[in-house]
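Here are some notes to read with the model open beside you. Take them one at a time and find each residue as you go.

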Amino acid sequence: MQNKLLENLKNQLEPEIEQLGYELIDLEFVFEDGENRLRFYIYKEDGVSLDDTEIVSRYLDTRLDEIDPIDTSYYLEVSSPDLNRPLKTDDDLRRNLGNEISVHLYKKIDGLKEYQGYLVSYDKENIVIELDDGIEKSFNRKDISIIKIVIRF
């Protein structure tokens, strides 16, 4: 039921959030610290500020009261996505073309379960990265367990 709720909210509210000038990256409904939390993660190319989260939060607060999709109490949270979160969608990949990513596999390919390289391209079936030696390596998406941005300090 929770997946259906999130899918319905995404379908209904994503176009409205886009009209405000933001992309809806993800949303989740979780129970934490004894409270239900409905979280919306938004993105804007030049970064998400506190003012941006406030704009979207005020809008969603009104819209969620109108459509009343959840029959229990919850806290609404609007945030920018965590840098360490998995890249799940084609939009995530589009935003990270040219960036260094880590590709984790379900099983070893050529003796390794993890590869790092720069995201070159992607389609519905494959992800292509350029390794440090300049060679491009293609992975079938069904073989990938998780993709993350490489963060260097």
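1. Start with the side of α2 that faces out: L50, D51, R58, D65 and E66 are exposed there. Exposed means over 50% relative accessible area, buried under 20%, and partly exposed in between, using a 1.4 Å probe and protein chains only. Helices (H or I, at least four residues) and strands (E, at least two) are DSSP runs numbered from the N terminus. Keep in mind that this is a predicted model, where local features need pLDDT of at least 70 and side-chain atom pairs count only at pLDDT 80 or more, while totals for chains, interfaces and linings use all residues. Numbering runs from 1 along each chain as its sequence is written, and side-chain values use heavy atoms, with hydrogens and water left out.

2. Now turn the helix around. D52, T53, V56, L60, R63 and L64 of α2 are buried. Viewed down the axis of α2, these buried residues fit within an arc of 105 degrees, so they line one face of the helix; the arc is taken from the directions from the helix axis to the C-beta atoms. Their cover includes α1 (2-19), β2 (35-43) and β3 (75-79).

3. Have a look at the two ends of α2 as well. At its start, a side-chain oxygen of S49 comes to within 3.3 Å of the backbone nitrogen of D51. Just after the helix, D68 has a positive phi of about 45 degrees.

4. Next, the inside. The largest nonpolar core (buried Ala, Val, Leu, Ile, Met, Phe, Trp, Tyr and Cys residues joined through side-chain atoms within 4.5 Å) has 17 residues, and L60 and L64 of α2 are among those with the most contacts inside it. At least two residues each come from α1, β1 (23-32), β2 and α2, and α1 gives the most, with five.

5. Which residues does L9 contact, leaving aside neighbours within four places in sequence? They are E14, L27, L38, L64, I67 and P69, where contact means heavy atoms within 4.5 Å. There is also a second, separate core of 13 residues, including L87, I101, Y115 and I147.

6. Last, check E100 in strand β4 (residues 100-109). E100 is buried, with a relative accessible area of 10%. Its side chain makes a polar contact with the side chain of R152 at 2.7 Å. A polar contact is a pair of N or O atoms within 3.5 Å; within protein, one must be able to donate a hydrogen and the other to accept it, and residues adjacent in sequence count only if both atoms are side-chain atoms.
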